[in-house]
Amino acid sequence: MLKKFFNHKAYTYVILMMTFVLSYEGFSQTKYKAFHPGELWLDDQGDHINAHGGGILYHKGTYYWFGENKGKDSNNAFVGIMCYSSKDLYNWKREAVALPVSTDPDSEITAGSIMERPKVIYNKKTKKFVMWFHLELKGQGYAAARTGVAVSDKPGGPYEYKKSYRPNAGQWPENFQEEWKDRPATTEADWWTEPWRKEVKEGLFVRRDFEKGQMSRDMTLFVDDDGKAYHIHSAEENLTLHISELSDDYLSFTGRYITLAPGGHNEAPAIFKQDGVYYLITSGCTGWDPNAARSFKSNSMWGPWEYLGNPAQGEHANLTFYSQSTYILPVHGKKNAYIYMGDRWRPKDPIDGRYIWLPVFLEHDKPVIKWFDEWDLSIFDQQMH
Ligand code: DGJ
């Protein structure tokens, strides 16, 4: 009898220990119920999510997070564009690599190229998922400044790589003055001097890149209520943002575009629309180091865009809480619910870059971002509207 009792106790003990070990090792998924900006964020397999500079697509009840896969030592692409999926935005499942790098050394997306800031949009007419991303050709640093496009029938991929290029070759921006078009494409003025700044504002680099196409580095996409899609990117040596219209199938540029904040040195564009007004959040240009975010608003994508200042408020607002914007996510099913998605880069250990997700609210018609150590989506139900 005693022997039987003892065996039963030992059996229970073994089961308990196994349960503990299995959950500790990450075999059972961590269940998040809130966002913890800046902390490690584990996927369903127990690994820190590897989707930097990302963007999110919502499709039929699921969110798909696309981002850059980064390694330990390098920012270059050796895996490709990652995809994670989630129903609740807190817990993420790792899907297959959405757009793998190519093993062909002659491919534009060969391993060792730079693939940054991917964004995916869904085209209702063609029923295709379209990914655009910033592409730098292998071995050329950031000189190529191209945008690349890939397409898939399924949200999670695999995506078929189509092409990359500098957009809007041979096209003038819609807000470009007639008398700027015939001026020279070079200047005697030294960089960063007042005369040079004036030249930049009056289209120096648009003229320089007119034939070969405009530079396209940090970028985002936006689909408007009428189904028109826009590609917003840092152009002109990162000095000026361009907003470009995409074709109806979202696979090319129509050639219609404007410049935004010429010479203003904006990177990391992220956009949302609330009550018919467009709000754009950007950063300054300080490489991987954080700086103060900026914001703009407009009643039309075609401008005029009004500068609104730094949307971050509180301690470390001057460095946007050590983050740089990448996307603004509308929360499905909630009114006026937007999440600022930013990256806290770790250039010495890129894979360890952290995600700074915070709610964005409008105050006096300006976007405002405040820090929370922990928060959840119920914050959007507490708004005083
Ligand atoms: C800042 C950009 O926002 C990043 O995406 C990346 O291109 C780095 N610069 C490279 O220095």
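In the predicted model, an N or O atom in the side chain of Arg117 is placed 2.8 Å from an oxygen atom of the ligand. Two acidic residues make comparable approaches to ligand oxygen: a polar side-chain atom of Glu116 lies 2.7 Å from an oxygen atom of the ligand, and for Asp218 the corresponding distance from a polar side-chain atom to a ligand oxygen atom is 2.5 Å. The ligand exposes 290 Å² when taken alone, and the protein buries 90% of that area.

Glu116, Arg117 and Asp218 belong to a shell around the ligand that also includes Tyr142, Glu267, Gly287, Trp288 and Gln324. Grouped by class, this shell has four charged, two polar and two nonpolar residues. The charged members are Glu116, Arg117, Asp218 and Glu267, whereas Tyr142 and Trp288 are the nonpolar ones. Gly287 and Gln324 make up the polar class.

The largest pocket of the model holds about 980 Å³ of space. Its lining comprises 31 residues, and those nearest the centre of the pocket are Phe222, Val223, Asp224, Asp225 and Pro330. Five elements each give two or more residues to this lining, namely the strands β1 (52-59), β6 (114-123), β10 (219-223), β14 (267-274) and β19 (324-330). By class, the lining of the largest pocket divides into 18 nonpolar, eight charged and five polar residues.

Several residues of the ligand shell fall within the ranges of these strands. Glu116 and Arg117 of the shell lie in the range of β6 (114-123), Glu267 in that of β14 (267-274), and Gln324 in that of β19 (324-330).

Methods. Residues are numbered from 1 along each chain as its sequence is written. This is a predicted model: local features need pLDDT of at least 70, side-chain atom pairs count only at pLDDT 80 or more; totals for chains, interfaces and linings use all residues. Side-chain values use heavy atoms; hydrogens and water are left out. A residue is near a molecule or strand if one of its heavy atoms lies within 4 Å of it. A polar contact is a pair of N or O atoms within 3.5 Å; within protein, one must be able to donate a hydrogen and the other to accept it, and residues adjacent in sequence count only if both atoms are side-chain atoms. Accessible areas come from the Shrake-Rupley method with a 1.4 Å probe; for residues, only the protein chains shown count as cover. On a 1 Å grid over the protein atoms alone, a cavity is a set of points where a 1.4 Å probe fits but cannot get out, and a pocket is an open set with protein on both sides within 12 Å along at least five of seven lines; lining residues have an atom within 4 Å of a point. Grid points are joined across faces, edges and corners, and a volume is the space filled by probe spheres set on the points. Helices (H or I, at least four residues) and strands (E, at least two) are DSSP runs, numbered from the N terminus.
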